[in-house]
Amino acid sequence: MQALFIGQTYIDVTFITDHMPVGDEKHVADAYAVSFGGNAVTAAFCCAKLGVPPDLIATMANDWLGRMFWDMADRYGISFHPRKVNSSSLSFIMPNDGKRAIVRCRDDQHIHPFPLLNIKGCRALHIDGHQPDAAIHYAKLCREDGILTSLDGGGLRTNTHELLAFIDIAIVAERLCEQMDKTPEQMLDYLKSRGCKVGGVTMGERGLLWYDEAGTVRTLPAFPIPRARVIDTNGAGDVFHGAYIYSYLSNPSKGWHEHFKFARAASTFKIQKLGNEAGLPTLADIAAVKQEFRAEA
């Protein structure tokens with residue numbers, strides 16, 4: 001086991017349309033994509049695509065969507081440890097002008113306890129707060145063993161405050177700031193107070209506000225990509241997380257500024273593609289993005 005990711009499985013249906021039908025209307029979308037979804041799940045697929053297939057604890061139902069997801073994980077070399085639910089979860093996503101509207105159909109009522117794994121040899125844990133019992137269990141275990149712990153703070157979960165005490169790298173979304181009634185600057189102070197060694201807030205086209213291992217607050221601006229090339233921002237944050245975990249695993253001696261620059265290029269690639277799977281970059285894709293924006297790299 002190189003890394004362990006824990007999250008909620010979705011099947012994402014992403015479509016682009018200039019009109020949403022009402023009543024008895026029908027309308028044909030301009031384009032669509034069907035792929036895996038979920039915060040830590042998408043991050044796991046990104047890490048695998050870049051060259052380090054992780055282990056993944058995620059929800060799975062015994063239905064055709066669940067079997068489709070298992071096939072996807074197998075194709076990427078991901079060691080999947082399912083936690084059973086009754087029904088597969090779906091996300092319907094409509095990107096529009098750099099934003100995205102989402103309808104989620106979620107089953108997070110776990111039928112069984114989370115899988116207990118041997119984490120010997122594991123070098124990184126990445127969680128998104130879903131499956132809170134599994135998240136806190138493995139965060140504590142990894143902290144005891146000196147394994148890097150990373151949190152995608154996309155939203156407030158039932159045990160976020162407690163969980164942060166066992167997190168080394170906490171990169172959260174502005175949505176969490178809003179839910180906790182904090183500015184991004186106040187969020188950094190809060191993450192520091194919880195003991196996170198590195199913390200940050202992703203702010204879309206305004207980049208990343210973060211503090212480094214020394215506690216120094218820094219900014220990482222987003223690449224100035226033309227608006228016309230922004231197709232689908234959904235999953236960009238997940239790709240960012242998966243890419244910095246890969247970068248850490250591949251080059252642990254580098255600082256987090258370098259890991260986040262690598263991840264910035266990965267997420268810049270993602271937003272130019274429709275759907276999560278099409279938006280997973282290769283190392284060559286990331287190199288090409290860095291080359292294009294070399295003045296800002």
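In the predicted model, helix 8 and helix 9 are roughly perpendicular to each other, because their axes cross at roughly 95 degrees and angles of 65 to 115 degrees fall into that class. Helix 8 comprises residues 256–270 and helix 9 residues 283–292, and the two axes come within 9 Å. On the side of helix 8, the contact involves Lys261, Phe262, Ala265, Ala266, Thr268 and Phe269. These residues meet Leu283, Asp285, Ile286, Val289 and Lys290 of helix 9. By residue class, the contact of helix 8 with helix 9 consists of seven nonpolar, one polar and three charged residues.

An open sheet of nine strands is present, with the strand order 5-4-1-8-9-10-11-12-13 and mixed pairing. Strand 5 (79–85) and strand 13 (217–220) occupy the edges; each has a single partner strand, so one side of each is left without a neighbour in the sheet. On average, and with direction ignored, neighbouring strands of this sheet are turned by 20 degrees against each other.

Within the sheet, strand 1 (residues 3–7) pairs with strand 4 (residues 55–61) in the parallel sense, over four bridges. Leucine 4 has aspartate 55 of strand 4 as its bridge partner. Two helices lie across this part of the sheet. Helix 1 (residues 39–50) lies across strand 1, strand 4, strand 8 (124–127) and strand 9 (148–153), and runs at about 150 degrees to strand 1. Helix 3 (residues 132–144) lies across strand 1, strand 4, strand 5, strand 8 and strand 9, with an angle of about 155 degrees to strand 8.

Strand 11 (residues 198–202) is mostly covered, four of its five residues being buried. Its pairing with strand 10 (residues 169–173) is parallel and extends over five bridges; alanine 173 has threonine 202 in strand 11 as its bridge partner. Strand 12 (residues 208–211), by contrast, runs antiparallel to strand 11 and is joined to strand 11 by four bridges. Glycine 200 stands opposite tryptophan 210 of strand 12. Strand 11 and strand 12 form a hairpin with five residues between them, and glycine 204 in the turn adopts a positive phi of about 60 degrees.

With respect to annotation, an unreviewed UniProt entry lists residues 4–282 as "domain: Carbohydrate kinase PfkB". In the model, this span is 31% helix and 27% strand, and its end C-alpha atoms lie 20 Å apart.

How values were computed. Residues numbered from 1 in each chain as written. Predicted model: local features only at pLDDT ≥ 70, side-chain atom pairs only at ≥ 80, totals over all residues. Heavy atoms only, no water. Pairing = 2+ DSSP bridges. Axes fitted to C-alpha atoms, helices over the stretch in contact; angles between N-to-C directions. Contact = heavy atoms within 4.5 Å. UniProt positions renumbered as here; feature names shortened; annotations may be inferred. Nonpolar A, V, L, I, M, F, W, Y, C, P; charged D, E, K, R; others polar. Buried < 20%, exposed > 50% of the residue type's maximum accessible area, 1.4 Å probe, protein only.
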